[in-house]
Amino acid sequence: MSAYLIVFLAAAGTTFLATPFIRRFVISVGAIDHPSDRKVHPVDTATMGGLAMYLGFVVALIASRFLPFFHDLNAASPEPLAALVTCTLMVGLGVVDDMKGTRAVTKLVSQIFVAGVLVLLGVQLAYFVLPLGGATQVVVLSGDLAVILTVLWVVAVANAVNLIDGLDGLAAGIVAIAAGAFFFHMVRSESLFGDASQAALLSVITAGICLGFLPWNFHPAKIFMGDSGSMMLGMLLALSTISGVGRNPIPPTRADLAVILAAVLAPLIVLFVPFLDVVLAVIRRTRRGQGIGSADKEHLHHRLMDIGHGHRQAVLLLYLWAALVAVSGLAVGLFDGWTVAAAVIVGSVLLFLITALPRLMERRANGSVSP
């Protein structure tokens, strides 16, 4: 674990120290996110903080090459080089989008291209797992199907992380939780390289750059990660899960399936918020006879804060929901199904009550004074 700790500290420390310098740089080149009716930040804020995260990622990768623990992994595994190349491409795409903006179709095609590069570098899903009844069925993928599913997985996870980057510190915290949970699972799993695991290495780097960036990004944020950061995090999360489960030569178990789903569901559970936001916005504006593109102040993040939670409290609640999903995935491999199910139900009820408490107290107060 000491080798992983060194890599983690290299990632977190470099990102933390580099962020203020990157902030000055991006301000000088005009990479500023301006307030609008569709955003929650009230002042101009520097963006493109993904550059600092990228520096932390590169320094951590270099640090791993000087640690004997990772020698065989770096010598024989394609993942470190694939991560460097594809994350560089994702950051480049994000920088263009942060500076000039890109059309959705252009961004999608570019992401598909990056996923294709990942496949060309030798990293793709070899199989996936289907739970059938009481057994776990391993499905070996053919060449074409493996490529298609790998590309779809990368694009889906990258966009999921990109879409949850709507509140200060939200994406960084959620991805740190997901990567941390996946790391703790992978260090307990078998690997071709003994105790060293390429999936664990990428996961601990991902968690490190997120936590190193978070002090500057938590509300009130001094800098946003921008698409340059969110798409790189999505790339790393997708690559970690592909490497850890989809390429691991050791036959997978039901616990493997649960953890990979938990790692991805952590951001996806928050992705449900903007998805539902869009649906409700269309319904709301259609009923009012407004164009669906018109802005309003009734988005779900506004509604969540209207319940009585401040910006920080809203983000912390979403952290707790993501942590519940991630820890539940880890618990599947440690406890029996009924124990996990009971814990998830109890945790969900408690979090729901915490989330709704301010509104419930308000209604009770209004009810007590009403005639």
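**Figure 1. What lines the largest cavity: a mix of nonpolar and polar residues, with no charged ones.** This is a predicted model, and the lining of its largest cavity splits into 4 nonpolar residues, 4 polar residues and no charged ones. The residues to look for are A179, F182, S203, T206, L236, L237, S240 and T241. Three helices bring at least two lining residues each: α7 (170–186), α8 (198–217) and α9 (226–246). Which helix gives the largest share of the lining? That would be α9, with 4 residues. The volume comes to about 30 Å³, and a search of the whole structure turns up 1 cavity of 30 Å³ or more.

**Figure 2. S240, a cavity-lining residue in helix α9.** S240 sits in α9 and is one of the residues lining the largest cavity. Buried or exposed? S240 counts as buried, because its relative accessibility is just 2% and the cut-off for buried is under 20%. Setting aside residues up to four places away in sequence, S240 touches F182, A199, L202, S203 and T206. Some of those names come back from the cavity view: F182, S203 and T206 are also among the lining residues.

**Figure 3. G244, another buried residue of helix α9.** G244 is also found in α9. With a relative accessibility of 4%, G244 counts as buried. Leaving out neighbours within four places in sequence, its contacts are F182, M186 and A199. F182 and A199 should look familiar, as S240 touches them too. For a sense of how the chain folds back here, check Q198: G244 and Q198 are 46 residues apart in sequence, yet their C-alpha atoms are 7.4 Å apart in space.

**Figure 4. A network of salt bridges links D97, K107 and D227.** Side chains of opposite charge can pair when their charged atoms come close. How many salt bridges does the count give here? The total is 2. In one of them, the side chains of D97 and K107 meet with N to O at 3.4 Å. D97 belongs to helix α4 (residues 79–99) and K107 to helix α5 (residues 104–120), with their positions 10 residues apart in sequence. In the other, D227 pairs with K107, and the closest N and O atoms are 2.8 Å apart. D227 lies in helix α9 and K107 in helix α5, so this pair ties together parts 120 residues apart in sequence. K107 takes part in both bridges, and that is how D97, K107 and D227 end up in a network.

**Figure 5. The salt-bridge residues again, this time for burial.** Both D97 and K107 are buried. K107 has a relative accessible area of 13%, while D227 is buried as well, at 11%. The cut-off behind that word is under 20% relative accessible area, so both percentages qualify.

**Figure 6. Y4 in helix α1, with contacts from far along the chain.** Y4 is part of α1 (residues 2–28). Y4 is buried, with a relative accessible area of 3%. Its contacts, leaving aside neighbours within four places in sequence, are F69, F70, F183, V187, D195, A196, S197, A200, L201 and V204. One of these, A200, is 196 residues away along the chain, but the C-alpha atoms of Y4 and A200 are separated by 8.3 Å. Chain-wide, among contacts between residues at least 6 apart in sequence, 77% join residues at least 24 apart.

**Figure 7. Two backbone spots to zoom in on: P220 and M48.** H219 and P220 are joined by a cis peptide bond, with omega at about -5 degrees. Where is P220? P220 lies in the loop between α8 and α9. M48 has a phi near 70 degrees, a positive value in a residue other than glycine. M48 sits in the loop between β2 (45–46) and α2 (50–65), and at 2% relative accessibility M48 counts as buried.

**Figure 8. Zooming back out to the whole chain.** The protein chain has 13 helices and 4 strands. Of its 371 residues, 48% count as buried. The accessible surface comes to about 17400 Å², and 70% of that belongs to carbon and sulfur atoms.

Definitions and conventions: Residues are numbered from 1 along each chain as its sequence is written. This is a predicted model: local features need pLDDT of at least 70, side-chain atom pairs count only at pLDDT 80 or more; totals for chains, interfaces and linings use all residues. Side-chain values use heavy atoms; hydrogens and water are left out. On a 1 Å grid over the protein atoms alone, a cavity is a set of points where a 1.4 Å probe fits but cannot get out, and a pocket is an open set with protein on both sides within 12 Å along at least five of seven lines; lining residues have an atom within 4 Å of a point. Grid points are joined across faces, edges and corners, and a volume is the space filled by probe spheres set on the points. Ala, Val, Leu, Ile, Met, Phe, Trp, Tyr, Cys and Pro count as nonpolar, Asp, Glu, Lys and Arg as charged, and the others, Gly among them, as polar. Buried means under 20% relative accessible area, exposed over 50%, partly exposed in between (1.4 Å probe, protein chains only). Contact means heavy atoms within 4.5 Å. Accessible areas come from the Shrake-Rupley method with a 1.4 Å probe; for residues, only the protein chains shown count as cover. A salt bridge is a side-chain nitrogen of Lys or Arg within 4 Å of a carboxyl oxygen of Asp or Glu.
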